[in-house]
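Here are some short exercises on salt bridges. Have a go at each one before you read its solution.

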Amino acid sequence: MDQTWLNNAVIYGINLSTFQDGNGDGVGDFIGLTSRLSYLADLGINCVWLLPFFVSPHRDNGYDVSDYYNIDPRYGTLDDFRDFVAQATNLGIKVIIELVVHHTSDQHPWFQAARSDRGSRYHDYYIWSDKLPAGPPEESFFPEVESGVWRYDPVAKAYFHHGFYHFQPDLNFANARVRNEVLAICDFWLSFGISGFRLDAAPLIIGRKGLPHTEVINPGQFWQKIRQFINRRHPGAFVLAEADMAIAKINEYVIDGTGVHTLLNFWLNQTLHYALATQNTDPLAATLAELPVPPKGTKYVNFLRNLDELNVKLHVGQLDPSQQNEIYQHLGPSKSMQVYGRGIRRRLAPMLEGDRARLAQAFSLLFAMPGIPLFVYGDELGMGENLDLAERDSVRTPMQWSDQVNGGFTSSLTGPLHHRLVHDPRYHYKNLNAAAQASDPASLLNFVKRLIALRKSQPLIGTEWFAPVKTGHSHVLGLTYVDSHRLIILHNLSPAATDVHLPKLAHGRWTEIFSDNPYPPPDGATVKLGRYGFRWFSNE
């Protein structure tokens, strides 16, 4: 199956409701998103990932789905979606969407039938218990919001399991009918020409849910079946699994190249943020060394921030408690910046104090890592957050297109916005927006454009595995890509300038292809790196 396009993929995450309002009602929609496709093409990304846009009561940003086969009316129609996919495809931009099947909304017809009739086929779509299960209570995924994972339903006269919010009952993946429903959902959306799915909460899908009869026997077969189905239905499409579990369990999902196509790299994400916070790259280098080389047909998807919290504690276990506390101290010291006892609800730019050099370096690090880079809307501008918004909504504020009213997000002057704008003056749309940055050659936006073009010119990063470069400094990370060692990348995470001795550069014809500054050529084998500096060398 032809998935070679993934070798040079750059993924851009979009929260539809806050990207562009096309009809003036204060909510982003597909008409608005389609009108901004030229911006995405000019940026250089070739794949967009859309957060949920299905029919929903919207108690959890659309992750509480009540109809998997329709567009929520606030976002438009199926024809609007079809037009968006067609126009994106014409511009060389692939589209992937959320596959939110760990749970449904409690308003979904399946759940309404399940609670009303124990004889219904849908009753076993969910996980029920007549009594509250014995033993230590399971902790909710949202421990500061939900007190547990079982909720009594007075209609069913039984308890149902919900790993997330109480209005999101978990589906029972031990039921083969549920697994087949997932394939039917995939089939429907693939018919529109999309290129795949981000599989939400993959480890929780196959979790045991506290009862023996809910255990999925050989879950690897399910991942393989999804891959095989998608490969047959749409060659070139892929599944991106959200799976924040221990490194030792990676092959339970990729299954030697026969399982999910890609994995979000939570392991690297944790230690990358530790390096950004402390200037110590040792744990990051250790994680890179520990990551298994992905089997053929499988890739890691690396990211700086997604549109949830920055998770530094759950499952992954790459950092010890003292290191996790250091991340909190440097990147989110206030309790208002933290959430769920495990994460930080801030955007990338404020975490790095709006420092242009640090932001550029963070992007350079992301694009230098083995695999596929992913970043989310607005981070290419250095957008901020609004901590007045609840939980994870703080990082889902409207895109800042211009210095016009509402940041150019909407023409609506009377109706309320779906989400409030950023009000911090440093990150306000009057002072930070896409239009201003597009005309500024030194802007972060234009830097990211150049970086995307560079990444596309260096397919080794997407196809080969790396080897570490010994730099002699814990604050300097060095990587080389192993196909003839044709690429060496150095990052100095310190605010102080540093010299790095690399004997290899004294031999051959090494050319600097990217850096944060127009440095002089290396003096023999000595490379100078400035404050938060980075340099990319090629011997092609």
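**Exercise 1.** Find the salt-bridge partner of arginine 233, then say where both residues sit.

*Solution.* Start with the partner: arginine 233 pairs with aspartate 187, and their closest N and O atoms are 2.3 Å apart. That fits the rule for a salt bridge (a side-chain nitrogen of Lys or Arg within 4 Å of a carboxyl oxygen of Asp or Glu). Next, place them: arginine 233 is in helix α7 (residues 219–233) and aspartate 187 in helix α5 (residues 176–190), 46 residues apart, so the pair links distant parts of the chain. Helices here are DSSP runs (H or I, at least four residues) and strands likewise (E, at least two), numbered from the N terminus.

A word on the ground rules: this is a predicted model, where local features need pLDDT of at least 70, side-chain atom pairs count only at pLDDT 80 or more, and totals for chains, interfaces and linings use all residues. Residues are numbered from 1 along each chain as its sequence is written, and side-chain values use heavy atoms, leaving out hydrogens and water.

**Exercise 2.** Is aspartate 153 buried or exposed, and which residue does its side chain meet?

*Solution.* First, the contact: aspartate 153 and arginine 115 form a salt bridge at 2.7 Å, N to O. Aspartate 153 belongs to strand β7 (residues 150–153) and arginine 115 to helix α4 (residues 109–116), so the pair ties together parts 38 residues apart in sequence. Then the accessibility: at 5% relative accessible area, aspartate 153 is buried (under 20%; exposed is over 50%, partly exposed in between; 1.4 Å probe, protein chains only).

**Exercise 3.** How many salt bridges are there by this rule?

*Solution.* The count comes to 21.
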